[in-house]
Amino acid sequence: MPEQALLRLAPPTASDSGRLPMEADGRAIWATLGEAGQLAGVYRDGDPAAGILTDHLDRLMTDLDARFGIASTLPVCIQIATTVPLLALGGEPAARALRDALAGTAVVALAATDEGSGADLAGLGTTVAIEDDVLTVTGGKRWIAGATYADHLLVLARHRESRHFTSFTWVLVPADAAGVTIEPADTTLFEGSGTGHIRLDGVRLPREHIVGRVGRGLTSFASHIAVERLAGALWAVALCARTLRQTKARLEERAHGDVNLWQLESIQQRFALALLRTHQLDAVVHRLAERVAGNRDTAAAALLKAAAATTVEAVLTDCAQLHGAEGFTTAGAQWTRAQAALWGIGGGTTEIVLGTVAGAADGLLAELPA
Ligand SMILES: Cc1cc2nc3c(=O)[nH]c(=O)nc-3n(C[C@H](O)[C@H](O)[C@H](O)COP(=O)(O)OP(=O)(O)OC[C@H]3O[C@@H](n4cnc5c(N)ncnc54)[C@H](O)[C@@H]3O)c2cc1C
């Protein structure tokens with residue numbers, strides 16, 4: 001039985017992180033959740049290889065959203081859904097990093113997005129040369145959450161030239177290895193996320209730093225990013241619901257003649273549409289959650305990602321508009337709206353996931369009434 005199984009307690013919450021201020025960074029949140037034994041509790045039997053528990057993930061994402069900003073929650077979400085389960089694919093350094101990550105004592109950044117190719121993952125230029133005992137990793141990764149405070153970088157690299165999906169392999173790179181340099185991304189929007197750019201200049205490592213099997217990098221990425229898309233969709237419901245509640249409270253406080261803004265018919269219509277969109281997202285997330293968590297269904301995950309991105313954009317844009325000038329205060333509704341544009345870009349742009357939806361159109365159509 002894995003050691004983490006002993007840690008499975010109640011559904012994890014972020015309540016143990018109550019002593020952290022709202023602006024705590026992703027590393028501090030991760031450490032606190034790990035120390036409280038709550039990270040392992042998100043997985044079946046406390047084992048990331050056994051899959052994620054949807055209701056625990058839902059609760060955790062909702063609690064994190066209530067307590068912390070988008071920037072600090074982002075690297076926690078990526079690690080729980082994608083990075084930690086990928087580490088379970090094996091290799092001795094990966095097993096050690098996994099144990100430390102679950103304890104909250106190590107942060108592992110997921111370094112997939114390449115400096116040259118971005119959304120086109122199969123075009124990535126970072127290479128790993130595999131010799132008998134030694135690996136050499138060379139290239140660059142950009143916009144990697146957690147990179148500036150990570151202990152390890154889980155790097156997706158190509159071990160041969162072809163764009164074929166079997167040309168890619170995961171390598172666990174210690175962030176302090178010779179040849180690694182990391183700089184913060186030039187943005188104030190995501191402070192607390194540790195987002196940064198990574199250079200890998202001929203980084204030499206023992207062969208055991210390969211994670212999983214050589215040539216399985218892209219396949220395992222596709223299967224695990226599906227769970228991140230589920231986590232992002234659950235988080236999106238929480239974010240939209242919380243923002244709608246705040247917006248309604250503000251409208252009710254804001255005087256307009258003899259009434260308040262909430263009582264205006266045109267505002268109620270606009271608000272109701274945003275509320276409808278949030279309920280639609282909630283319904284589709286709960287309809288598809290088990291298919292993604294249990295079967296890593298990539299078409300269902302793409303539907304969720306596209307639904308979350310378009311819903312977040314519509315709802316947060318309307319809520320920000322309804323805040324008037326107050327929306328432009330620091331960390332106000334316009335700021336949140338700008339951060340939340342990430343739902344349409346990070347972990348697969350809306351165009352890319354809609355392409356996956358279109359590719360699975362016949363199967364998805366068959367699920368609907370004829
Ligand atoms: C705050 C933040 C944190 C991030 N964290 C991580 C992380 O932890 N790990 C990681 O690996 N990556 C991370 N990313 C990177 C993210 O996954 C990429 O930004 C994303 O995959 C898109 O790549 P790109 O930015 O290079 O876009 P580009 O490839 O430059 O594309 C630009 C735009 O072109 C359009 N486009 C691209 N391809 C297509 C297409 N096939 N069809 C139609 N339109 C298209 C889209 O509108 C897209 O937004 C993060 C990004 C941000 C902003």
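Select Arg296 in this predicted model. Arg296 sits in the loop between H6 and helix H7 (298–322). Its phi is near 50°, a positive value in a residue other than glycine. Most residues other than glycine have a negative phi. Is Arg296 buried, exposed or partly exposed? There are 19 other C-beta atoms within 10 Å, and a residue needs 20 or more to count as buried, so Arg296 is partly exposed.

**Another positive phi**

Go to Trp143 next. Trp143 belongs to strand S3. Here too phi is positive, about 60°, although Trp143 is not a glycine. Trp143 has 19 other C-beta atoms within 10 Å and is partly exposed.

**The loop before H6**

Now select Leu261. This residue lies in the loop between strand S10 (259–260) and helix H6 (265–295). Show its surroundings. What does Leu261 touch, not counting residues up to four places away in sequence? The partners are Leu251, Arg254, His256 and Ile267. Leu261 has 17 other C-beta atoms within 10 Å, which makes it partly exposed. Draw a distance from Leu261 to Lys248. C-alpha to C-alpha, the two are 9.2 Å apart in space, with their positions 13 residues apart in sequence.

**The ligand**

Centre the view on the ligand. How many residues surround the ligand? The shell holds 20 residues. The closest are Ala112, Thr113, Gly118, Ala119 and Glu351. Three elements give two or more residues to this shell: strand S1 (108–111), strand S3 (134–144) and helix H9 (350–359). Colour the shell by class. Twelve of its residues are nonpolar, seven are polar and one is charged.

Next, colour by domain. Why does the ligand lie between domain 2 and domain 3? Domain 2 (110–215) and domain 3 (218–364) both give residues to the shell, so the ligand lies between them.

**The domains**

Keep the domain colours on. The protein chain is divided into domain 1 (8–107), domain 2 (110–215) and domain 3 (218–364). Place a pseudoatom at the centre of domain 1 and another at the centre of domain 3. Taken over C-alpha atoms, these centres are separated by 22 Å. The contact between these domains takes 19 residues from domain 1 and 19 residues from domain 3.

Look at the domain 1 side of this contact. Helix H2 (54–67) and H3 are the elements that give two or more residues to it. H3 supplies the largest share, nine residues. By class, this side of domain 1 has 13 nonpolar, four polar and two charged residues.

**Helix H4**

Stay in domain 1 and select helix H4, residues 92–103. Check its length first. At 1.5 Å a residue, its twelve residues should span 16 Å. The end C-alpha atoms are 17 Å apart, which agrees.

Which residues of H4 are buried? They are Ala94, Ala97, Leu98, Ala101 and Leu102. Turn the view to look down the axis. The buried residues fall within an arc of 130°, so they line one face of the helix.

Now show what that set packs against. The helices are H1 (26–35) and H3 (70–87). The strands are S1, S4 (152–158), S5 (168–174) and S8 (210–211). Then step past the end of the helix. Gly104 follows H4, and its phi is positive, near 85°.

**Glu208**

Move to Glu208, in the loop between strand S7 (196–206) and S8. Leaving aside neighbours within four places in sequence, Glu208 is in contact with Gly91, Glu92 and Pro93. With 15 C-beta neighbours inside 10 Å, Glu208 counts as partly exposed. Draw a distance from Glu208 to Ala66. The two are 142 residues apart in sequence and 40 Å apart in space, C-alpha to C-alpha.

**Last stop: Ala28**

Finish at Ala28, in helix H1. Ala28 is partly exposed, with 18 other C-beta atoms within 10 Å. For a final distance, pick Ala314. Ala28 and Ala314 are 31 Å apart in space, C-alpha to C-alpha, and 286 residues apart in sequence.

Technical notes:
Residues numbered from 1 in each chain as written. Predicted model: local features only at pLDDT ≥ 70, side-chain atom pairs only at ≥ 80, totals over all residues. Near = placed C-beta within 6 Å. Helix = DSSP H or I, 4+ residues; strand = E, 2+ residues; numbered from the N terminus. Nonpolar A, V, L, I, M, F, W, Y, C, P; charged D, E, K, R; others polar. Domains from an automatic or database assignment. Expected span 1.5 Å × (residues − 1). Buried ≥ 20, exposed ≤ 12 C-beta atoms within 10 Å, placed from the backbone. Arc of directions from axis to C-beta. Contact = placed C-beta atoms within 7 Å.
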